[in-house]
Amino acid sequence: MAIRFAAARGVILLGFALLSCSAQEAAPSGRLQGAPVAKSPLPDGLPDALSPEDQLDASSLDDFQDVPSPVGLTDEQPPDDLQDVPSAGGHQDDPPAGGAQGAPPPGGHPESETSKVTVFDVTDYDAVADAKTDNVEAFMRTWIAACHWRGPSKVVIPEGKFLVGQTVFQGPCNSPDPIVVETRGTILAQPDLSEYPSPEWFMFEDINQLVIKGGGTFDGQGAFAWKYNDCHQNANCLVLPTNLKFHKVNNSVVQDITSLNSKSFHFFVTNSYNFTAFNLTITAPGNSPNTDGMHLSRCHTVNLSNFTIKTGDDCLSVGQGNTNVNITGMYCGPGHGLSVGSLGKYPNEDDVKGIIWRNCTLNGTTNGARIKTWPGSPPSQASSIVYQDIVMNDVKNPIIIDQKYGAHLAKPSRVKISDVVFKNLIGTTISKVPVTLSCSELVPCDGIQMTDINLDYNGPPNFQHSLPFSSLCKGAKVSYSGKQNPPPCP
C-alpha cells in the first residue's frame, strides 16, 4: 500500500508494506483507504461524484459585500460480503462469533480490561508532539490500522501539539461498529501552502459511522495564509485549504472539538447523510477572509446544535442540494450571519428544501437571517425555510433576501424562493432599513411570512431621525402577522 502526501518539494510517495496476508490497493488520487468493504449507499438524489461546488463553494469566496436535537448513530450494518482481509496491524483470522476480535494488532491495545474497544494511539505509530515534526505518515498508519481492525476501534490523538500536513482518513472500514477519532491535543496545520495540492487540510471520506470527539483543537494556522487570499478581486484566485472536510460521511457525529484559524472554511460537509454536530467552537478573526464556520453542500438529514462561532465570513452557510437540515442554538459574531446560499452560481445545482434555524443569537454581525442567490443563474428552487426565535444584537442587515448576490448583472436570478418564514426575530440593528427582500423579477418570491418582528434602531445617533425606519421589498409576496418593527413594506 502507498501513502501520497504533499511536501514543499512536490508530491512525495512513501511506500510501506502492511503487515497482513494480502496487500490492499492504494486509493484513487493517492488517498488511503481501509479494507474493501462494500460502501454504504447514499440516499436517492445524493450524487456519488464531487460537483464543482462540492470541491469548494467558490461563491462564498465572493462574500465581501456590506449587504448577507441531534440524531444519534444508526445501527445500519454493512453488507455481508466483507472480504477476508486481515487488519493492518497483523490480525489474520476472521473475528470469532459474538464479536470478539482476538489479540490486538501491533500498535493497538485494549481501552480497558473490560472494554471491547481497541485503541490506536498516534504516538504508538511514531507521532511526535513537538509542534515541528510533520506527523502525516504516523497519522496515516494509525488510521489504516484502526480502519482495518474488525472490532470496535478508536484513534487517539493525545495531549500535546502535533504538526500535520494534508491528511486524508478514508474508508470504508471493516468494523460494523462506529470508528472513533478522539482528539485530546492540538493538531497544527502545516503553514506552507505548497503542502496542499488540493484545498483541504484534514479530510474524512467514504466512512459510515464516524465519531469525532475529545475536546481537542484543529489549528489551521491561517494567519500565515490569509494575505494570499485575493478572491474578492480575482475570480481565478488560489482557494486556500479548509480545516476539516467531510465527503460521503454518513451516520456520523462530530462533537466537542475546536476549529481555530482555518485558512479558509472551518468545516465543509458534502454529499453526506445523517450528519450530526454539536458543541463545536469555531474561531478566527473578524477580518479573516472566507473563513465560513461550516458550509453544507448536497447533504440530507443534518442536525447541528450549540456552536460558538466567531469568524470572518458566514457563521453557517447552507449551499445547494441540502434537504432536511435542522440548526439550533448557534452563537454567531463576529461573522456574516446565518445564510442559505449562495445558490445558482453553477449549472445543474440541486434544490434546497427544509432548512430550519431556531434559537440562535447574532452579535454585531454583518447579516442576520440571509438567503442569497446569483443573478443570471440556472433554474433551481429553495423552499420551506424557517428562521425562528432569533436574537439580533446590533446586526447590520437582520433580515435579507438578496437575489443579486455577488455581481449585480442585468439578468435576473432563476432560483425560485418560496415558503419562507421569519418568526420572532427580535433585538437591535445599526441599519435604518433592517428588512430587505430583494427577489427576482423573473421568478418572484412566494409565501414569505413575517411574524412578530421587533427590531429597534441602535445605530449612529446622527441618523436617528434623518431616515425613516423601514422595510424594502421588491418582487416579494409577503404576509404579515403580529408585531412589525420596522413597519411592513407598503
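Buried means under 20% relative accessible area. Keep that cut-off handy, and remember that the model you are looking at is predicted.

**Exercise 1. Work out whether Cys231 and Cys237 are bonded, which hand the bond has, and whether the two residues are buried or exposed.**

Step 1: start with the sulfurs. Those of Cys231 and Cys237 sit 1.9 Å apart. A disulfide needs them within 2.5 Å, and the pair does form one.

Step 2: look along the S-S bond. The torsion for Cys231 and Cys237 is about 95 degrees, so this disulfide is right-handed.

Step 3: apply the cut-off. Cys237 has a relative accessible area of 13%, so it is buried. Cys231 comes out at 3%, and it is buried too.

**Exercise 2. Do the same for Cys439 and Cys445: find the sulfur distance, the hand and the burial.**

Step 1: the sulfur atoms are 2.0 Å apart, and Cys439 and Cys445 form a disulfide.

Step 2: the angle about their S-S bond is -105 degrees, which goes with a left-handed link.

Step 3: Cys439 shows a relative accessible area of 4%, so it counts as buried. For Cys445 the value is 0%, so buried again.

**Exercise 3. Which parts of the chain does the disulfide of Cys147 and Cys173 tie together?**

Step 1: check the bond. Cys147 and Cys173 are joined by a disulfide, S to S 2.1 Å.

Step 2: place the two ends. Cys147 belongs to helix α2 (residues 136-148), while Cys173 sits in the loop between β7 (167-170) and β8 (179-183), so the bond ties together parts that are 26 residues apart in sequence.

Step 3: add the details. The link of Cys147 and Cys173 is left-handed, with -105 degrees about the S-S bond, and both residues are buried.

**Exercise 4. How many disulfides are there, and what pattern do they follow?**

Step 1: with the 2.5 Å limit on sulfur pairs, the count comes to five disulfides.

Step 2: number the bonded cysteines along the chain. The pattern reads 1-2, 3-4, 5-6, 7-8, 9-10.

Step 3: now try a cysteine outside the pattern. Cys360 is in no disulfide; its nearest cysteine sulfur belongs to Cys332 and is 8.7 Å away. With 1% relative accessibility, Cys360 still counts as buried.

**Exercise 5. Trace the open sheet: what is its strand order, and which strands stand at the edges?**

Step 1: list the strands. Eleven of them form the open sheet, in the order β7-β10-β13-β16-β18-β20-β23-β25-β27-β29-β31, and the pairing is parallel.

Step 2: find the ends. β7 and β31 (471-474) each have a single partner strand, so one side of each has no neighbour in the sheet.

Step 3: check the twist. On average, neighbouring strands of this sheet are turned by 10 degrees against each other, direction ignored.

Step 4: zoom in on one pair. β23 (residues 338-343) and β25 (residues 367-373) pair in the parallel sense over four bridges. Take Leu338 as an example: its bridge partner in β25 is Ala369.

Step 5: bring back the helix from Exercise 3. α2 packs on the sheet and touches β7 and β10 (200-208), its direction making about 5 degrees with that of β7.

**Exercise 6. Follow strand β4: how does it pair with β3 and β5, and which hand does the crossover to β5 have?**

Step 1: recall that strands of a sheet pair through backbone hydrogen bonds, either parallel or antiparallel.

Step 2: take β3 (residues 108-110). It pairs with β4 in the antiparallel sense over three bridges, and His109 has Val119 as its bridge partner in β4.

Step 3: take β5 (residues 153-157). Here the pairing with β4 is parallel, over four bridges. Val119 turns up again, with Lys154 as its bridge partner in β5.

Step 4: follow the chain from β4 through α2 to β5. This β-α-β crossover is right-handed.

Step 5: check the faces of β4 (residues 118-121). Thr118 and Phe120 on one side and Val119 and Asp121 on the other are all buried, leaving both faces covered.

**Exercise 7. Where does Val164 lie, and what does it touch?**

Step 1: locate Val164 in strand β6 (residues 161-164).

Step 2: check its burial. The relative accessible area of Val164 is 0%, so it is buried.

Step 3: look around it. Leaving aside residues up to four places away in sequence, Val164 touches several residues, among them Val136, Phe139, Ile187, Trp201 and Phe202.

Notes: Residues numbered from 1 in each chain as written. Predicted model: local features only at pLDDT ≥ 70, side-chain atom pairs only at ≥ 80, totals over all residues. Heavy atoms only, no water. Helix = DSSP H or I, 4+ residues; strand = E, 2+ residues; numbered from the N terminus. Buried < 20%, exposed > 50% of the residue type's maximum accessible area, 1.4 Å probe, protein only. Pairing = 2+ DSSP bridges. Axes fitted to C-alpha atoms, helices over the stretch in contact; angles between N-to-C directions. Contact = heavy atoms within 4.5 Å. Right-handed = clockwise from strand over helix to strand, strands pointing away.
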